Amino acid sequence: MPFARLATATTPTCHIGLGLAAVGRPGYINLDRDRDLGRDRGVDALRARTHELLDAAYAQGVRYFDVARSYGRSEEFLADWLNAHPDADDLVVGSKWGYTYTADWSTEAETHEVKDHSLTAYERQRAETDALLGDRLDLYQIHSVTPDSPALTDRDLHARLAEAAAGGMTVGFSTSGPAQADAIRAALAVTVDGAPLFRTVQSTYNVLETSAGPALAEAHDAGLTVIVKEGMANGRLSGPHAPDMLRAVAEETSLGCDAVALAWILRRPWAGVVLSGAATVPQLLSNLHAPAVDLDLDQLTRLATLKEEPRAYWERRGRLPWH
């Protein structure tokens, strides 16, 4: 397991990863992204921004970088950075397949990505990922598995994924939607020749959306590494948009709402890696204060009151515009 490298790390930020969803393409659903990125969202501008973020993250001890086929040119941008930093051999690199980016570098596209969990899609996207990341790829995840995903029942796909695992690749999956817990439990039951197929799970979990928590604890107990995404709820927990309760706790800690929100997740004993989705270096550096936040029982209890009903949370997320 490549994540064993992180388990032995001693830097405070070893359990923070950097996800490149927000900077690998010109359009995304994070709040205030138009302000964060400004007017120039050309390929060269976002490549430079991505490299600045990777430089800062690596210098601060971050050792997990997360991309996907559907994150525009995120794999390409990361590959360029890795090629320029051959000595950065202590990284864990994860990508995802299952969505195809279709916006053609436009923020006005009617459809930005198309989901396909078929074996044919895996074969095509695996070749595309390999062409960019090659042997630097440690983890390949099925993108956004839901309980009705054919990826949970396709035995031919499972066999191909097991072949990749036998060759040294770690195979994982991510989840989305109000039924994340059901998807996680279904994936935990997938075996090939009697052995569990998946070794990692990446799910949305934050103070607003906690429904996957018990299933993620079960996954951890089963030996999977748990990666938490969308800890900032696509910007809903950042300073300008944060609920009053989160703002109050942040003032008590003298740190930002983002650091407190991520610290709340880091307190889960099953959380292996918590992703920062920062779009700017100042945002990243603020996120990286999370391990230093010491939340007491009263603060944890107050933050727990922010929990929303899962369907309401995901319906609101689904209405967020592609900025």
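A disulfide is a pair of cysteine sulfur atoms within 2.5 Å. The exercises below concern a predicted model.

**Exercise 1. Cysteines**

Determine how many disulfides the structure holds, and whether cysteine 14 and cysteine 257 are buried or exposed.

Solution. Under the 2.5 Å criterion, the structure holds 0 disulfides. For the second part, the cut-off is needed: a residue is buried under 20% relative accessible area. Cysteine 14 has a relative accessibility of 5% and therefore counts as buried. Cysteine 257, at 10%, is buried as well.

**Exercise 2. Strand E6 and its partners**

Describe the burial of strand E6 (139-145), and state with which strands E6 pairs and in what sense.

Solution. Begin with burial: 7 of the 7 residues of E6 are buried. Next, consider the pairing with strand E3 (residues 92-97), which is parallel and runs over 4 bridges. In this pairing, serine 95 stands opposite tyrosine 140 of E6. E6 also pairs in the parallel sense with E7, over 5 bridges. Here isoleucine 142 has phenylalanine 173 in E7 as its bridge partner. Finally, follow the chain connection: E6, helix H6 (residues 155-166) and E7 form a right-handed β-α-β unit.

**Exercise 3. The buried side of helix H7**

Identify the buried residues of helix H7 (residues 180-188), explain why they lie on the same side, and list what they pack against.

Solution. The buried residues are Gln180, Ala181, Ala183, Ile184 and Ala187. They lie on the same side of H7 because they cover an arc of only 160° around the axis. An α-helix has 3.6 residues a turn, so residues three or four places apart point the same way. The buried residues of H7 pack against strands E6, E7 (170-175) and E10 (200-204), and against helices H8 (213-221) and H13 (310-318).

Key:
Residues numbered from 1 in each chain as written. Predicted model: local features only at pLDDT ≥ 70, side-chain atom pairs only at ≥ 80, totals over all residues. Heavy atoms only, no water. Buried < 20%, exposed > 50% of the residue type's maximum accessible area, 1.4 Å probe, protein only. Helix = DSSP H or I, 4+ residues; strand = E, 2+ residues; numbered from the N terminus. Arc of directions from axis to C-beta. Contact = heavy atoms within 4.5 Å. Pairing = 2+ DSSP bridges. Right-handed = clockwise from strand over helix to strand, strands pointing away.
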